[in-house]
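Biologist: Please take me through one part of this model up close. I'd like to hear how its pieces sit against each other and who touches whom.

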Amino acid sequence: MSTPSLDALAHGAVIPAHPLALDASRKLDERRQRALTRYYLASGAGGAAVAVHTTQFEIREPQVGLFRPVLELAAETIRAEAGRPFIKIAGACGYTAQAVSEAETAAELGYDAVLLSPAVPGADEKGLLERARAVGEVLPVIGFYLQEAVGGRYLSPRFWAAFTDLPSTVAVKIAPFDRYRTADAVRAVAGADRAGEVALYTGNDDGIIGDLLTPYETAGGERRWFAGGLLGQWAVWTGSAVSLLDDVRAARAGDHEAMLRCLARGPELTDANSAVFDVRGAFRGCIAGVHEVLRRQGLLEGTWCLDPAETLSPGQADEITRVAAAYPWLTDDAFVAEHLDDWLS
């Protein structure tokens with residue numbers, strides 16, 4: 001499979017998980033939803049993942065009915081304004097029939113690939129592979145090793161090797177937030193027959209730079225790296241994330257100063273993520289934390305989520321204030337302020 005967007009995915013990119021802009025009535029705010037997409041385009045991101053966890057899985061509920069409108073808004077904005085290959089990824093959830101149906105909607109709207117949630121109650125690994133094979137008949141598939149705190153589960157190395165060898169698999173997002181499981185999955189992907197055709201993306205928001213600086217060797221003897229990140233963390237401060245990936249690439253190429261910068265910034269980025277994702281609150285405020293950063297920048301009007309119970313945890317706003325002040329290299333407030341009126345127009 002080769003298209004300009006899939007080639008860009010293989011090369012590596014910053015791919016933010018796209019949030020959902022709501023007004024105070026918890027209705028879709030189309031103007032701000034488009035502004036978020038424009039922010040990611042202007043920041044230099046290589047793509048966006050829509051209808052994923054950060055977009056809120058509840059968009060699929062019949063009484064909400066936002067799955068197609070949100071995908072459509074992002075696709076329209078990207079098609080009209082990107083002017084370059086920009087990877088459009090749609091999240092797909094549920095049992096096989098639902099996941100295939102969502103992939104068909106994404107394909108109709110011009111999406112490039114599907115990020116396939118592994119959260120399927122009662123399904124074993126064989127069933128998950130059959131489901132991925134069915135979805136892959138519609139669009140290229142990105143596998144997803146999701147952390148248990150937000151609905152994920154343990155998946156064996158044998159599963160990841162078999163998933164990598166599916167002909168429709170173009171990438172795997174590794175996000176178990178667990179170093180042992182990450183190592184298992186990387187080893188399994190590297191040892192698969194199609195390892196050279198499948199890009200690895202980090203989703204480990206607690207270890208982004210460590211993943212990006214870790215080389216691995218495929219069964220064919222090729223040295224490879226995590227190509228990039230598909231991250232909820234990169235839904236905020238996206239301009240800085242693009243600069244960070246450039247620095248990582250320089251470090252991999254032997255730039256000693258870049259390597260030192262990356263190593264120093266690794267724990268700082270993890271500290272910042274703990275505030276945004278509400279680690280102290282067991283991730284209950286992770287989406288609201290993303291919204292809070294975007295609200296402070298003026299991209300969102302509030303931190304509202306579809307579930308009214310999903311809010312910032314006590315002390316989380318102060319933690320976000322602390323990390324934003326402690327790590328000025330991480331924020332892109334000036335960039336957002338310069339372009340905000342244009343994005344909201």
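Helix against helix

Modeller: Let's start where α2 passes α3, in a right-handed crossing. Right-handed here says that the near helix is turned clockwise from the far one by less than a right angle, and left-handed is the anticlockwise case. The helices themselves are DSSP runs (H or I, at least four residues; strands are E, at least two), numbered from the N terminus.

A word on what you're looking at: this is a predicted model, with local features needing pLDDT of at least 70 and side-chain atom pairs counting only at pLDDT 80 or more, while totals for chains, interfaces and linings use all residues. Residue numbers start from 1 along each chain as its sequence is written, and side-chain values use heavy atoms, leaving out hydrogens and water.

Back to the helices. α2 covers residues 30–43 and α3 covers residues 67–81; the two pack at an angle of about 45 degrees, with axes 10 Å apart. The axes are lines fitted to C-alpha atoms over the stretch in contact, and angles run from 0 to 180 degrees between N-to-C directions. So α2 and α3 are oblique to each other. For that label, under 35 degrees counts as roughly parallel, over 145 as roughly antiparallel, 65 to 115 as roughly perpendicular, and the rest as oblique.

Who touches whom? On the α2 side you have E30, Q33, R34, T37, R38 and L41, and they meet V70, L73, A74, E76, T77, I78 and E81 of α3. Contact just means heavy atoms within 4.5 Å. By type, that α2–α3 contact has five nonpolar residues, three polar and five charged. Nonpolar covers Ala, Val, Leu, Ile, Met, Phe, Trp, Tyr, Cys and Pro; charged covers Asp, Glu, Lys and Arg; the others, Gly among them, go down as polar.

Now follow α3 to its contact with α4, residues 96–108: here the packing angle is about 30 degrees, and the axes are again 10 Å apart. That makes α3 and α4 roughly parallel to each other, and their crossing is right-handed. From α3, F67, R68 and L71 reach E102, T105 and E108 in α4. The mix for α3 with α4 is two nonpolar, one polar and three charged.

Next comes α4 on α5, which spans residues 125–135; these two pack at about 25 degrees, with axes 9 Å apart. They too are therefore roughly parallel to each other, and the crossing of α4 and α5 is right-handed. The contact involves T96, A99, V100 and A103 on α4, and R131, A134 and V135 on α5. Tallied by type, the α4–α5 contact comes to five nonpolar, one polar and one charged.

While you have α2 on screen, look for the aromatics as well: Y39, Y40, F335 and W343 form one aromatic cluster. Rings of Phe, Tyr and Trp (its six-membered ring) pair if their centres lie within 6.5 Å; planes under 30 degrees apart are stacked, over 60 edge-to-face, and the rest tilted. The structure holds eight such pairs.
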